[in-house]
Amino acid sequence: MMSKLESEEDKMLEVQFVGDDDVLNHILDREGGAKIKKERAQLLVNTKKIIKKPEYDLEEDDQEVLKDQNYVEVLGRHVQESLKNGSATDGGNKVYSFQTRKHPEKMAKLASELAKTPRKSVSSNLKSDPEITIDIPQCSKGHSASDTVQLKNNDKSEFLSTAPRGLRKRLIVPRFHSDSESEYSASNSEDDEGVAQEYEEDTNEVILSEQIQAQNRVVAAPVCKETPSKKMKRDKTSDLVEEYFEAHSSSKVLTSDRTLQKLKRAKLDQQTLHNLLSKVSPSFSAELKQLNQQYEQLFHKWMLQLHLGFNIVLYGLGSKRDLLERFRTTMLQDCIHVVINGFFPGISVKSILNSITEEVLNHMGTFRSVLDQLDWIVNKFKEESSLELFLLIHNLDSQMLRGDKSQQIIGQLSSLRNIYLIASIDHLNAPLMWDHAKQSLYNWLWYETTTYSHYTEETSYENSLLVKQSGSLPLSSLTHVLRSLTPNARGIFRLLIKYQLDNQDNPSYIGLSFQDFYQQCREAFLVNSDLTLRAQLTEFRDHKLIRTKKGTDGVEYLLIPVDSGTLTDFLEKEEEEF
Amino acid sequence: MATSSVSKGCFVFKPDFKKRKISVPIEDYFNKGKNESEDSKLRFETYQLIWQQMKSETERLQEELNKNLFDSLIEFLQKSHSGFQKNSRDWGCQIKLREIPTAALVLGVNVTDHDLTFRSLTEVLQNNVTPYVVSLQAKDCPDMKHFLQKLASQLMDCNVGVQSKEKENVQVTQKKIHYSMDSLSTWYMNVTQKTDPKMPRKKRTPSSQWQSPPVVLILKDMESFTTKVLQDFIIISSQHLHEFPLILIFGIATSPIVIHRLLPHAVSSLLCIELFQSLSCKEHLTTVLDKLLLTTQFPFKLSDKVLQVLTNIFLYHDFSIQNFIKGLQLSLLEHFYSQPLSVLCCNLPEAKRRINFLSDNQCENIRRLPSFRRYVEKQASEKQVALLTNERFLKEETQSLIENLHVYHANYFLVLRCLHQFTSSLPKYPLGRQCAVHFQIRELYCTCLEKSIWDSEEYASALQLLRMLAKDELMAMLQECFKVFKYSSEKQLGNTAKRIEEFLAQFQSLDAEAKEEEEDTSESQSKGLQKTDLYHLQKSLLEMKELRRTSKRQTKFEVLREQLVSFIHSLVREYLLLPDTQPLHEVLYFSAAHTLRQHLNAAPRIALHTALNNPYYYLKNEALRSEEGCIPNVAPDICIAYKLHLECSRLINLVDWSEAFATVVTAAEKMDANSVTSEERNEIIHARFIRAVSELELLGFIKPTKQKTDHVARLTWGGC
C-alpha cells in the first residue's frame with residue numbers, strides 16, 4: 001500500500017512549475033550525469049582505478065533503488081489502470097496522507113463552506129489560500145537555488161581533483177545524489193542539506209552554499225506541509241508515525257460538549273426511521289442502474305469461474321445484497337444453494353453447517369463437534385461427485401463470522417471442488433481476516449462492485465448509534481412480565497429500579513447487595529424472610545430481568561441489565577397506571 | 001424478500017428433483033457471457049486442453065524437483081530404522097535407540113505449497129518405506145488427548161488400508177476409546193505379529209521388507225504446535241521407542257533454530273535430528289516458467305506486464321508457486337474468454353486447419369487487430385487491397401503469419417538461452433534485475449519482453465564484460481551454447497550451431513599458435529637483453545613496449561573474441577525482437593495485466609476510499625464532477641458524512657457532526673425548492689444522517705465509544 005503511494009508521488013512530482021533557470025540547470029546537470037556514465041564505462045575496462053570504486057558502489061545502490069521503484073511503478077501502474085481516470089488516482093494517495101487539523105470548529109467551517117458554494121468545490125479553503133499561492137513561486141525559486149548549488153558542487157569537484165583522495169570521494173557522493181534526484185524526483189532540500197552538512201567538515205567554501213540551502217528550506221517547509229507529495233519517503237514515514245502517535249497519545253480530545261439531548265431530537269426507532277427514509281427520493285438512479293447493469297453482465301463469467309475452481313469475493317462501497325440476490329434468481333434457480341446472511345446477529349458456523357447437513361444432505365444425526373461435522377460434510381462431498389452446492393454469503397466479514405475458526409471452516413468448505421462460494425465483504429479491514437493459508441483455501445477472485453446502495457438490511461439488525469432500538473422490546477417485555485406478578489413482587493422490582501436509577505451516575509456502581517436489598521424490602525413490608533425474597537428473585541432471573549454478580553468480597557450483587565432510559569420510561573408508565 | 005428474516009440467517013433452496021437433473025454444461029457459461037461469441041465452444045475446449053497439459057506438466061515438475069529431497073529422506077528413514085531392526089546389543093546402538101530419529105524438513109515460508117509436498121511425501125513413503133504414515137496439523141491437536149486420538153485414528157486407518165478393510169466396523173467403535181501410548185504400542189505389536197505370517201505369501205510392496213515397519217509421524221507445521229504437547233509427546237514416545245518404532249518428520253517454515261526454541265535441551269536431546277532443505281521457491285518458479293512459458297510446447301504466452309504482475313505477486317507477496325499457477329490459469333482463461341481469435345492459440349498444424357474454417361466475422365476480427373493493420377500498411381497496395389477484401393487470400397496470409405510466429409518463438413527461446421549462457425556468469429549480473437545470488441533466465445526473459453534489450457545500458461556493459469573474458473571461460477560458454485543448439489533441430493538456426501562449432505574449433509587452434517607466439521617473444525627478449533649499455537637498454541625496452549602494445553591489439557585471440565561478441569550481438573539483434581512487433585501476436589499473447597491484478601491482488605481499501613471521496617468516478621453524473629479533494633453537496637449522503645468526519649481527530653461529537661451534515665444537505669435541498677414543511681424536512685435529514693452514520697459504522701470507519709456521551713471514535717486516522 002505504502003509503495004503504491006510512493007509511485008504516485010513520483011507521478012505527481014512530474015507536474016510542476018519549472019522556471020527557465022531550472023531548465024537550464026537541469027540540462028547542465030544532465031551533462032554532468034552523462035560524463036559520469038562515461039566514466040563508468042571506462043571503469044569497466046580499467047579495473048585498476050580503485051579510487052573510483054566507491055563511486056561504482058554508489059551507482060549500484062542507486063540502481064537498487066531504481067529496481068525498487070520499478071516494482072513500485074508496476075504497482076502504481078496498476079492503480080492507474082484500475083482507476084483509469086486521472087483524478088481518481090489521487091484517491092489512493094490520500095488514504096494515507098495526513099494533516100493535523102484538530103479544531104472541532106473545522107467541521108462546522110467546512111460544512112458552512114460546503115453550504116455556501118452549493119455547486120462548487122469544498123476545497124476552496126485549501127486551493128485559494130493566499131499563503132500557498134505565494135509559496136509556490138518561492139518554492140521553485142528554492143529549487144533553482146539548490147540546483148545552482150549542485151552545479152557549484154560539480155564545478156568544485158572537478159576543480160578540486162588534486163585534493164586528497166578522501167576529500168574527493170566525499171565530493172563525488174553528493175554529485176550522485178543530485179544526479180539521481182533530478183531524474184526521479186525534484187530535488188529534495190532536506191536531503192541535500194544533510195549532505196551539505198557533511199561538506200562543512202571538509203571545506204569551508206561550502207558553508208555559503210549550505211546557508212543558502214538552509215534558507216531555502218525555511219521557505220520550502222510550509223509548502224511541504226501543504227503538499228505532502230513533495231516529501232521523500234524517509235520523511236514521509238517518520239511523519240506518518242508521528243501523526244499516528246499525535247492522534248492517539250494525547251488523552252485529551254478537544255470536542256464540544258454538546259449532547260443530543262439538548263438538541264431536542266429524540267432518538268428514532270427503527271420503524272419511524274424507515275418511514276422517514278422512504279420519503280427521500282433516491283438520487284442518481286440512472287447512474288446506479290447503469291453500474292448495476294455493468295455488474296450483471298458478469299454473471300455468466302462468475303458462473304464459469306466458480307465452476308473452474310475459483311471462488312468469488314465482491315468488494316466495494318454499497319450493499320451487494322441486491323446484486324447477489326439477482327445473481328441467485330437469474331443463475332441459480334436450478335441448483336441447490338444456501339443463502340447465508342452474515343449480518344444476521346445470530347449466525348454462526350454451526351448453523352451454517354447444520355443447514356448443510358440437515359437440509360441439503362438430509363442427515364438427521366448429530367455431531368460431537370463442529371470439526372466432526374465438517375469432516376463428515378467434506379467426505380460426503382468427496383464421495384458424491386455429482387453433488388453440487390452454491391454458498392452465497394452476504395457479509396463474510398461480519399462480527400459473527402470474522403473469527404479465525406469460522407473463517408478456517410468456511411475456507412475448508414469452499415476449497416471443495418463441488419462447493420462454490422460467492423461472498424461479499426464490506427469492512428475496511430476485511431482482507432486482514434485471511435492469512436496466506438486461508439487465502440489459498442478460498443482461492444479468491446476479487447471483483448469490485450461498488451453499488452452505492454444503502455445497507456438497509458445489514459444495518460437494521462445492528463444496535464445502531466442513534467437508533468432507539470433497544471427501547472421498545474425490553475420495555476414491553478418488562479411490562480408484560482411484571483403484570484403477571486403479585487403486587488409485592490412488583491414492589492420489589494420497583495425498589496430495585498429506583499435504587500439503580502439513583503445510582504445511575506455512579507460509574508463504579510456494580511449493583512445492590514442482597515443483604516441491603518433484603519433490608520430495604522423488609523422495611524417496605526414486602527417480604528418477611530430472605531427465603532421469600534430469594535424465591536422472587538429466581539422468578540426475575542428466569543425472565544432475565546435481573547442479573548446477579550459476585551462482588552470481590554463474595555457478596556451477591558443484583559443488577560437490572562436494562563438501560564436507565566428504558567427504566568425511567570417504565571416507571572413513568574407504572575405511575576400512570578396506578 | 002425470501003432471504004431476510006429476523007429469526008434465521010441461513011436459507012436453503014432446493015429445486016425440484018426433476019429440474020436439478022438438467023445441469024447446464026460449463027461451456028454454456030463460457031458462450032453466454034459475451035455478445036460476440038465466435039467459436040466459443042472450440043475456444044473453451046482448447047482452453048481446457050492447454051490447461052490440463054500445463055497442470056500435469058507442473059505436477060510432473062513438482063515431482064521431479066522433490067525427488068532428490070525425498071530420496072535422501074527415504075535413505076535417512078531406512079538407515080535410522082535399521083538400528084531398531086537389528087536389535088543388536090552393542091552399547092552404541094542402545095544409546096541410539098533411546099533417541100527418536102527425526103528429520104527436520106525446512107520448506108520455506110510459502111506455506112501454501114507445503115500441503116502438496118506433504119501429500120506426495122506421504123505417498124512416496126507409503127510406497128517405499130512403511131504403510132504407517134501419519135500426518136498431523138497443529139490445529140487438530142490442541143492438547144495431548146487430541147494428539148493421541150488423531151494419531152491413533154489415522155494409524156488405524158493406515159492399517160485398514162493394509163489389511164483390506166477387514167475391520168472397518170471395528171474401527172468406528174474404537175474411535176471413542178481413550179488412547180495412551182501403551183495402547184498404541186500394544187496395538188502395534190498385534191498388528192505386526194498378525195501380518196507376519198501372511199507376509200511371505202502375499203509378497204507385496206517393498207514396504208514389507210521389514211518385520212516391523214516404522215511409524216512415521218509428520219508434523220506439518222511444527223512452529224504452531226503448542227510446546228507442551230510436543231514436549232510431552234516426545235518424552236513419552238521416547239520411553240516406548242523400543243516397542244513402538246517412531247520416526248518424526250518436522251515441517252519447518254522458518255529456520256531450524258525454531259526446534260531449539262520450542263524444545264528445551266532435555267527434550268531435544270531425545271531426538272536425533274537430521275536437517276533436510278527443500279529447493280528454494282525462486283528456483284522452483286524459474287523451472288516452472290522455463291518449462292511452461294519458455295517453450296514451444298505451449299503456444300500460450302504472457303506479455304511483459306502480465307508476467308511482471310505475476311512474478312511480483314510471487315516475489316513480494318507470498319512466494320507461493322500454487323498462487324502463481326493460479327494466476328497463470330486465470331490469465332489463460334481470460335485470454336480465451338476475451339479474445340475471439342484465441343481459437344488459433346493451439347499447435348501449428350491444428351491452427352492452420354482452423355484458419356481454413358474461420359468465419360467471416362473472425363476474418364474481420366483479424367483485420368481489426370492492431371498488429372495486423374500495421375503489417376498491412378507495410379505491404380504493397382495491391383496486396384493491401386487483397387488482404388482487406390479477399391477472404392481466401394487473408395486466410396493464406398494468416399497461415400503463413402502464424403507459422404512465422406511459431407518459428408519466431410522457437411528461435412527466440414534458443415537465442416535467449418544462448419544469451420543467458422553467456423551472461424549468467426558475468427560479475428554482478430548486469431542483466432539480472434533482482435539482486436539474486438544466482439541470475440536466472442526468468443529475469444532475462446522479463447527484460448527482453450519489456451524492451452529491445454540491445455538498446456539497454458546493461459546489455460552494453462554485459463557485452464563489454466564479455467570482451468574481457470579469458471579464453472577458457474569463453475570456451476565453456478560456447479560449449480554450453482552448442483549443447484543448447486544441438487538439442488533443437490531448427491533449420492533456421494542450423495548454421496548458427498555451425499558457427500559456434502567453428503568458433504570452438506578456432507579457439508582450440510589458438511592454443512598451438514599462442515605457444516609459437518610465446519616462443520617468438522621470448523626469443524626477441526633474449527635478444528634484447530644481450531646489450532648492456534644503458535641507453536640501448538632503454539631504447540630496446542621502449543621498443544619492446546611498443547611492440548607488445550601493437551601485438552596485443554592484434555592478438556588472434558582478441559580478434560576472435562571480438563568476432564564472437566559481435567556474432568552474439570547480431571544473433572540478439574536478429575532474433576530477440578519484441579513480441580509486439582510480430583503481426584498477429586495478440587493471438588498468442590495475453591496482455592490485460594490490469595484485469596489480472598484486479599482479480600488477484602485487489603485493493604479494497606482504495607476502492608472504498610475512491611467511492612467515498614470521489615463519487616464521480618463511479619457515478620458519471622456531471623453534478624458530481626468536482627475538483628480534486630472536494631465533493632459537491634449533492635453527493636450521496638455517506639460521502640458527505642465521510643468527508644465531514646475526516647475533519648475530526650480521534651473522537652467525533654455526534655451533535656456537531658449531525659449539524660454540519662444538516663447544513664450541507666439543506667444547502668443542496670434548497671435548490672430543489674422542496675415544498676415540505678421545515679420540521680418534517682429536518683426529521684428526514686436527521687434520519688438520513690443516522691443512516692449514513694450507521695453505514696460508516698458497518699464499514700469500520702467509526703465505532704461507538706463510552707469515553708464521552710454522544711461521541712463516536714474514529715478508527716482511521718488522518719484527514720483528506
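**Close-up views of a two-chain predicted model**

**View 1. Leu73(B) in helix H3 of chain B.** Leu73(B) is buried, at a relative accessible area of 0% (buried is under 20% relative accessible area, exposed over 50%, partly exposed in between, with a 1.4 Å probe and protein chains only). Helix H3, in which Leu73(B) lies, covers residues 40-86 of chain B; helices (H or I, at least four residues) and strands (E, at least two) are DSSP runs numbered from the N terminus. Leaving out residues up to four places away in sequence, Leu73(B) touches Ala103(B), Leu105(B), Leu121(B), Ile249(B) and Phe276(B), a contact being heavy atoms within 4.5 Å. Ile249(B) is 176 residues from Leu73(B) along the chain, and the two C-alpha atoms are separated by 9.4 Å.

This is a predicted model in which local features need pLDDT of at least 70 and side-chain atom pairs count only at pLDDT 80 or more, while totals for chains, interfaces and linings use all residues. Residues are numbered from 1 along each chain as its sequence is written, chains are lettered from A and ligands numbered from 1 in the order in which they are written, and side-chain values use heavy atoms, with hydrogens and water left out.

**View 2. Asp637(B) and its polar contact with Arg688(B).** Asp637(B) lies in helix H29 of chain B, residues 637-645. The residue Asp637(B) is buried, with a relative accessible area of 8%. Its side chain and that of Arg688(B) are joined by a polar contact of 2.7 Å (a pair of N or O atoms within 3.5 Å; within protein, one must be able to donate a hydrogen and the other to accept it, and residues adjacent in sequence count only if both atoms are side-chain atoms). Not counting residues up to four places away in sequence, Asp637(B) touches Phe661(B), Arg688(B), Arg691(B) and Ala692(B).

**View 3. The largest nonpolar core.** This core has 219 residues, and Ile356(A), Phe372(B) and Trp657(B) touch the most other members. A nonpolar core is a set of buried Ala, Val, Leu, Ile, Met, Phe, Trp, Tyr and Cys residues joined through side-chain atoms within 4.5 Å. Helix H19 of chain B (residues 391-423) gives the most to this core, with 13 residues. Apart from it lies another core, of 43 residues, including Leu155(B), Val215(B), Leu230(B) and Leu246(B).

**View 4. Annotated spans and domains of chain A.** An unreviewed UniProt entry lists residues 288-448 of chain A as "domain: Origin recognition complex subunit 2 RecA-like"; such annotations may be inferred rather than shown by experiment. That span is 45% helix and 17% strand, with end C-alpha atoms 15 Å apart. The UniProt entry, unreviewed, also lists residues 505-564 of chain A as "domain: Origin recognition complex subunit 2 winged-helix". Residues 505-564 are 40% helix and 17% strand, and their end C-alpha atoms are 10 Å apart. The domain assignment, which is automatic or from a database, gives domain 1 (285-461) and domain 2 (467-577) of chain A. The C-alpha centres of these two domains lie 44 Å apart.

**View 5. Chain B as the setting of views 1 and 2.** Chain B has 31 helices and 11 strands. Of its 720 residues, 51% are buried. Chain B exposes about 34200 Å², 52% of it supplied by carbon and sulfur atoms (Shrake-Rupley method, 1.4 Å probe; for residues, only the protein chains shown count as cover).
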